[in-house]
Amino acid sequence: MKSMFALVDCNNFYVSCERVFNPKLSDRPVIVLSNNDGCAVARSEEAKAIGIKMGAPAFKIRHLINAHQVAVFSSNYALYGDMSRRVMQTLSRFTDQIEIYSIDEAFLDLSDFPQNTLADRGQQIAATVEQRTGIPVAIGIAPTKTLAKIASRLAKKSTIETRNRSRRVLKLATTPDIKEALKAVSINDIWGIGHQYAARLNKYGITSALALSRMDEQWIQKIMGINGVRVVQELRGIPCYLLENQPTPRKGVTVSQTFRTELDCFEDLKTAIAAYTSRGAEKLRAQGSAANMMLVFAASNRFRAHYTFHTATAHLPVPTNDTPELIHYANQCLREIHKPGILYKKAGIIFKDLVCESPIQTGLFDTRNRKRSRHLMQAVDTINSEMGRGTIKYAAAGLLSNQKWQPLSRQRSPAYTTNWNHLPMAS
């Protein structure tokens with residue numbers, strides 16, 4: 001049985017989420033900004049056409065925004081996360097062999113479906129996702145995940161025409177179609193080829209995916225190692241990367257943020273660190289991990305003179321994902337690194353040396369009731385999952401809204417799908 005993978009990629013995902021609940025945005029330039037309304041992190045096709053680049057600072061493109069009446073939104077991660085979940089649930093109706101690759105991408109294993117039905121199957125998937133969620137997608141179907149990535153990318157463009165291409169789906173199954181697709185793809189746009197490797201390959205005159213696919217594997221291994229050989233084999237239609245149904249647990253968890261204004265008050269910084277620690281603990285529990293070590297850092301504005309960056313590390317006596325316990329150690333670390341008189345612009349926490357949360361070997365002198373703590377954390381997570389993040393939170397993380405350390409979001413749309421108070425009202 002020949003392997004066939006599909007890569008489902010949501011088009012301009014953050015922008016598409018905004019358009020689902022505001023149809024007036026159709027055919028209009030739209031951008032979504034990063035935290036603190038800093039840079040463009042998502043752009044509609046219309047916004048790309050007028051010259052707005054990915055990552056462009058908002059203040060540098062203000063003239064384009066004004067001249068073309070660009071709709072500008074602050075990041076709304078609650079909305080985007082929930083819409084992503086709905087897209088993935090829709091995809092799981094077609095097969096349980098699914099790998100959620102990112103918030104807006106998923107691989108499907110279609111090997112069990114008849115080859116001659118895959119293009120129509122892709123059309124059906126794309127139409128169903130858009131019907132149920134309002135999110136348009138592009139789908140690439142091919143014998144390997146790398147080729148499926150390429151096919152999905154080309155499905156959005158008109159740079160390649162084959163008998164298996166339609167408006168939203170591109171199937172690469174035959175040698176001529178694969179060759180034509182590889183010819184149209186730059187070495188910089190191949191999944192698994194980073195900027196450094198791309199620059200090195202360019203020096204040898206290898207500028208397209210087709211050229212890379214024809215290289216000798218022994219030479220590639222010398223240049224790029226075994227992962228480079230796997231990329232070449234995938235481009236040749238030989239599967240090297242299998243579907244990962246269960247996401248690999250992270251080796252570390254980081255929560256950090258740039259403040260909207262510089263902080264000189266220890267209590268403000270302490271509240272921010274407690275909030276980041278709470279969020280990090282939620283992430284640990286969500287993936288069934290506990291941390292052996294945590295690192296706290298705080299930095300001044302790197303664009304000003306006398307830039308400072310301070311860190312402190314806590315080695316935890318027992319691996320844990322318990323929020324109050326982690327906040328306790330985070331406060332200890334913060335007291336070590338805080339320097340009066342410094343204006344802090346960014347801070348965060350990093351959990352390292354992660355282990356499975358169960359079973360855990362406790363210490364001889366450990367007096368904490370860990371069973372009770374685990375049940376409490378489960379109850380808090382369940383309530384926040386059902387009622388919305390932040391329904392229950394620790395006072396140490398701040399009870400007031402609009403605090404100095406919280407990100408600036410002047411143009412955030414409502415959380416249409418996760419907050420009853422944000423539901424549109426019919427007039």
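**Exercise 1. Determine which elements the buried residues of α13 pack against, and compare the length of the helix with its expected span.**

Solution. The buried residues of α13 (buried meaning under 20% relative accessible area, exposed over 50% and partly exposed in between, with a 1.4 Å probe and protein chains only) are Thr323, Glu325, Leu326, Ile327, Tyr329, Ala330, Asn331, Cys333, Leu334 and Ile337. Taking contact as heavy atoms within 4.5 Å, these buried residues pack against α12 (266–286), β10, β11, β12 (344–356) and α14. Helices (H or I, at least four residues) and strands (E, at least two) are DSSP runs, numbered from the N terminus.

For the length, the expected span of a helix is 1.5 Å times one less than its number of residues. Helix α13 (residues 323–337) has 15 residues and should therefore span 21 Å, which agrees with the 21 Å between its end C-alpha atoms. At the start of α13, a side-chain oxygen of Asp322 reaches to within 3.1 Å of the backbone nitrogen of Glu325. Polar contacts are pairs of N or O atoms within 3.5 Å; within protein, one atom must be able to donate a hydrogen and the other to accept it, and residues adjacent in sequence count only if both atoms are side-chain atoms.

The model is predicted, so that local features need pLDDT of at least 70 and side-chain atom pairs count only at pLDDT 80 or more, whereas totals for chains, interfaces and linings use all residues. Residues are numbered from 1 along each chain as its sequence is written, and side-chain values use heavy atoms, with hydrogens and water left out.

**Exercise 2. Classify the ring pairs Tyr14–Tyr80 and Phe21–Tyr416, and locate their members.**

Solution. Rings of Phe, Tyr and Trp (its six-membered ring) pair if their centres lie within 6.5 Å, and planes under 30 degrees apart count as stacked, over 60 as edge-to-face and the rest as tilted. The structure holds 12 aromatic pairs. For Tyr14 and Tyr80, the ring centres are 4.3 Å apart and the planes lie at 15 degrees, so the pair is stacked. Because Tyr14 belongs to helix α1 (residues 13–20) and Tyr80 to helix α4, this pair ties together parts that are 66 residues apart in sequence. Both Tyr14 and Tyr80 are buried.

The rings of Phe21 and Tyr416 have centres 4.4 Å apart and planes at 10 degrees, so this pair is stacked. Phe21 lies in the loop between α1 and β2 (30–33) and Tyr416 in the segment after α14 (370–387), so the pair ties together parts that are 395 residues apart in sequence. Phe21 is partly exposed at 29% relative accessible area, while Tyr416 counts as buried at 16%. Finally, Phe13, Tyr14, Tyr77 and Tyr80 form one aromatic cluster.

**Exercise 3. Describe the setting of Asn36 and of His306, each of which has a positive phi.**

Solution. Most residues other than glycine have a negative phi. Asn36, although not a glycine, has a positive phi of about 60 degrees; Asn36 lies in the loop between β2 and β3 (40–43) and is buried, with a relative accessible area of 16%. His306, not a glycine either, has a positive phi of about 60 degrees; His306 lies in the loop between β10 (289–300) and β11 (309–320) and counts as exposed at 73% relative accessibility.
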